[in-house]
Amino acid sequence: MMPASSAASMTTTGAQANPPVLAAHDISVRFGGVTALSKVSLQIGAGHRIVSIIGPNGAGKTTLFNVLTGVVRPSEGSMLLHGDDITGTRQDRIFGKGISRTFQGIRLFEQLTVEQNVTLASFSVPGRQARVEGKTVSGFWKSKDGRDRARRAMDQVELPVAIRGHKPPQLTLWNSRMVEIARAISSEPTVLLLDEPAAGLNPVEKTKLRELLIRLSHEIDFHLVVVEHDMNFVMSIAEHIWVLNFGCLLASGSPAEIQADPRVHEAYLGSPKDAKP
Amino acid sequence: MFSSSVQSFLTVQCIMMIAALGHYLPLSMRQLDVGIAGYFALGAYTSAILTRNFGVAFPLALAAGALVAGAGALLIDSLATRVRLSGFAYAIFSLAFAESLRIVLNNNDYVSGSLGFVGIASDTTLGVAAGLLAVIIVLFWLLDHSRLGQLRTAIADDEFITPQFGVPVVATKLIIFTMGGALGGLAGGLYAHYIVFLQPDDFGFAMLIALQLPIVFGGLDRFYGALLGTALLACLAEVTRDLGQFRLVFTAGATLLMLIWRPTGLLTHDTIDAISAGVKRWISLPTGVSRSRQKPETP
Amino acid sequence: MGTFIQSLINGLSIGSSYALVAVGFTLIFGVLRVVYLTHAAVLAVGAYVGFFVLHYTGSVFITLLAGMIASGFVGMIVEIVAIRTTRGQNHLIPMVTSISAAVLIEETLRMTVEGGQPISYPRAFTSDIIRLHIGTAAPYFTVGQILVFVMTIVLVLALTYIVQRTWLGRSIRAVADSETTASLLGIRVNQTSSLTVGLASVLAGAGGVLLALTITAIDPRFADPLQFKSIAIVLFVGMGSIPGAVVGGYLLGFVESFAVGYLESSYRDLFAYLMMIGILMIRPQGLMGRQAAKRV
C-alpha cells in the first residue's frame, strides 16, 4: 500500500492531511495501436462534493470511468481508494468497495422491474457500515439490508412508488435516469461516477437534476464525479473540473479557472479565446 | 388410462422435455454449450451401470447420473470460461467433448460399445417421467423468482454491466450450466431405463438437433418457450407419423419457417407478459404491467 | 517405413478434403459472420448429383463439374432463404436456421435415394491403384487420391486468384473487412454474400465428388464429421485466412492419417477432437487471420 499523498504535513486546509478519497496516478490506456488515455492523474479530495470531467467527444472520459470501475485495466498507472491501491481490482469487487457508476444513455435490465433492477445491485454488496467494518458479501447471497438500502435509494431519488413494479421500457427518460442513479447508490457508495446524466433532459429537468445531485451529495456524504457536455450544467454544479483532450489531461482547476483557460477554449472551439475570427 | 402407444409417446416426450430444459439453461444466457447429448449419455450410462451391474436403487442411480453429468458440464464450462472462449468456439469445444465421449463409449467393452448396452431394468414409467417433469417445472418457476434467477436474467439481458453492480458473472454461469448438465443427465437416466438399450451413436448430432431446434423454435426468452416448442413439434411430428419418416423434416422445416418469420421464436418476453397480464385481468388480480405499453406514465 | 509413406499419402488425400471445406468456411465466416452449418449438406448434394451423373456419363470430369454446379446452386439458395433472412439477429438464430436447412437437405437426400442406404460410386479410372516399391515396403494409392490432391491445389489457386484479382474478390474482401464501409462504397452486400456462399459451395461440391470417388460409400450425412473438423480448423488458424485454412486442413489430415496408421482406426476422429480441445484451450483466438472469432 503506498501512501497516496506525500503532503502528510499539517496545512491550513485540513483536507490535505488525509489521503484523497480517490486518486488516479499517471493512468495510461492503450488498445492495440490506439492510446485512449495518456498519463492522466487526478485526485478527488475529502472536501470535494461534486467534481466534473469534461472534454470533447473521444477525449477518453468514458475510458477513464471504465478504468476507475475495473472494466479496463490500465496499461500503466495506479488507482487508490482512501490510500489503498485498488489498481486492477475485478469489476464486481469495485462496486463492493464503494465505487458506483451510471452509463451513457440508459442501460437498465429490461426484463427486471424497477425495484428488481435496484435490488440486483443492492443484494450483491454490503452497505457502507458493513464495508467500513470490513465485511464483504459474495455476490450470490443477499445482503441482509439489501432491500432496505434499495428502498432508501429509490426514496432518495424520489422515484414514485407506483412505478417501482414497472419495467424499464415503460418509463420516462427522467424516471429511467432516476432508476439508474438509485441502482448505483444502493450500495451506499463513496464515489459515484455519472456518465452524462443530463443528456436528453429538457432545461426544467436539468435544473431538477442539479438540485437532486446537490441534495444527494449532502444527504449521502459521498463524492460525485460528473461527465457532461452541457457547460452551463457543469459550471453550475462542479467544485473542481478536469479537462481531457485526446486522452491527456489538458487542464485542472475551479470552474472560473477553466472558463478562462485559453487551452480549453482551443480544444473545444478550435481557436484561442482572444483570437480574431 | 392411455393406450400404450400414447403412453410411450408421452413418456418419451417428458424425458425429452427435461433434457430440453437442461439445454435451454445455457442457451438462454447466450452461451453455446451444445454438449447436451454428452451429458445425456453420461447420465444414461452411469445410471444404467449402477442399476444393472451394482444393483443400486433406481432413484439413487438417477441422482448419480445427474451428478456425473453435472460434473461433466462443470468441467467443460470451467475450462471454456477459463480461456474465455468466444461463443462459437465454445460450441465447438463442448461438441468436441460430447463427440469424444461418444467415440470412447463406442470402443469401450465395459459398456459393450456399439453393440449396445442391454439388460437395463425398465424402471421408468410415465408416472415417474411426468412427475419429475412437473417438479422440475415448478423448480424452474421458483428459480425465475429467486436471487439466482434474477442474476441469470440480468446476465442474459445485459452481461456487460452486471459485474459493475457486484454480480459474479462467471460463478453464476457455471452454476446455471452445471444445473443444465445435471438435467440432461437426469433425462439420460430416465431414457436408459425406458428404452432399455443404449447405443453411443444415439447420443450424437441427431439428438442434439432434436433437442435444440424445438427450444429455439419455442423461444429462448423464457423456459415456457422451450417446453412449448418441444411439445408442439413432437405432437406435430407424431400426428404425421403415418407418413413415415418425416419427423426430422417437420422439426427442421417448422423451425426454419418460424425463425425466418419470427427470429425470437414463438414465445418472447412480450408474449409471456401479455399472456400473464391477460390472465391476471381475467381473474381480476392487479397487474404490475400496464396495459398500454406505448404510453409512458406522466412524470 | 512403408506405414510412414502410406500415412503420408493418405494424409495428402484426407488433408485435401479438409482444406477444400475449410477454405469454404473461412470465406463464409469472414464475409457473412454467421455460424454456417449447412456446408456438409451442400457437399453431400454435390456428391449425390455426381453419383447419377457418373452413372450416366461415365466421365469423371463432367461429374466433377456437375457436382460443383449443383452444390453452388443449392448453397446460394440456402443463403437466400436461411441466412440472409436471419443475419441481423444474435448469432444463435442463423446457426439454427442453417442447421435446419442442412437437416432438410440431408433428409431429402435420405428419403429420395436408396432409402438412405449408403451408395457407392461406379468404378472409374480413379479407382486404379498405383503401387510404389520402396525397399521392402509397398505402399499404394489410388489415382483418385492424386486427383483429389491436384484438384484441391487447382481450386485453391483459382479461388485465390478470384479473391485477389477480380472485382468479386475485392467485394468479398471489402465486405469481410467492414460491411458498412463496403455498402457505403456501393458494394452490394447481399449479392456479395450470396456469391461468396456460392463460391464456397462450388468448392464443397468438388470436395464431395472427389471424396466420393476415393471412399467406399457415401450417405447423406457422410460429410458431417468433416464439417465439424473443418470449422475447428478455421477457428484454430483464424477466420478469413485462405492459406491458413489450407495449411490447417493438411495439418489435420496428416495428424489423422498418422494417428490411424500407427493407432487403431476407430480412434481417428477422437484424435482430431482431442486436438481441437487442446488447441482451443491453448490458443482460443487462432493463429493467423483476423480475430473475427471473437465476434461470433
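This passage describes how the chains of a predicted model meet, and then turns to one residue of chain B.

Residues are numbered from 1 along each chain as its sequence is written, while chains are lettered from A and ligands numbered from 1 in the order in which they are written. Because the model is predicted, local features need pLDDT of at least 70 and side-chain atom pairs count only at pLDDT 80 or more, whereas totals for chains, interfaces and linings use all residues.

Of the 2 pairs of chains that touch, chains B and C share the most contacts (two residues are in contact if their C-beta atoms, placed from the backbone, lie within 7 Å). Here 36 residues of chain B are in contact with 37 residues of chain C. On the chain B side, helix 4 (87-106), helix 8 (205-218) and helix 10 (247-261) each supply at least two residues; helices are DSSP runs of H or I with at least four residues, numbered from the N terminus. Helix 4 of chain B gives the largest share, 12 residues. By residue class, this side of chain B holds 25 nonpolar, 8 polar and 3 charged residues, where Ala, Val, Leu, Ile, Met, Phe, Trp, Tyr, Cys and Pro count as nonpolar, Asp, Glu, Lys and Arg as charged, and the others, Gly among them, as polar. Chains A and C, by contrast, do not touch, and their nearest C-alpha atoms are 13 Å apart.

Within chain B, B:Gly189 lies in helix 7 (residues 169-195). B:Gly189 counts as buried because it has 34 C-beta neighbours inside 10 Å (the cut-off for buried is 20 or more other C-beta atoms within 10 Å, with C-beta atoms placed from the backbone). Beyond its neighbours within four places in sequence, B:Gly189 is in contact with B:Gly43, B:Ala44, B:Ser47, B:Ala61, B:Leu62, B:Gly65 and B:Ala66. The C-alpha atoms of B:Gly189 and B:Ala64 are separated by 9.0 Å, although these residues are 125 residues apart along the chain.

Key:
A residue is buried if 20 or more other C-beta atoms lie within 10 Å of its own, exposed if 12 or fewer, and partly exposed in between; C-beta atoms are placed from the backbone.
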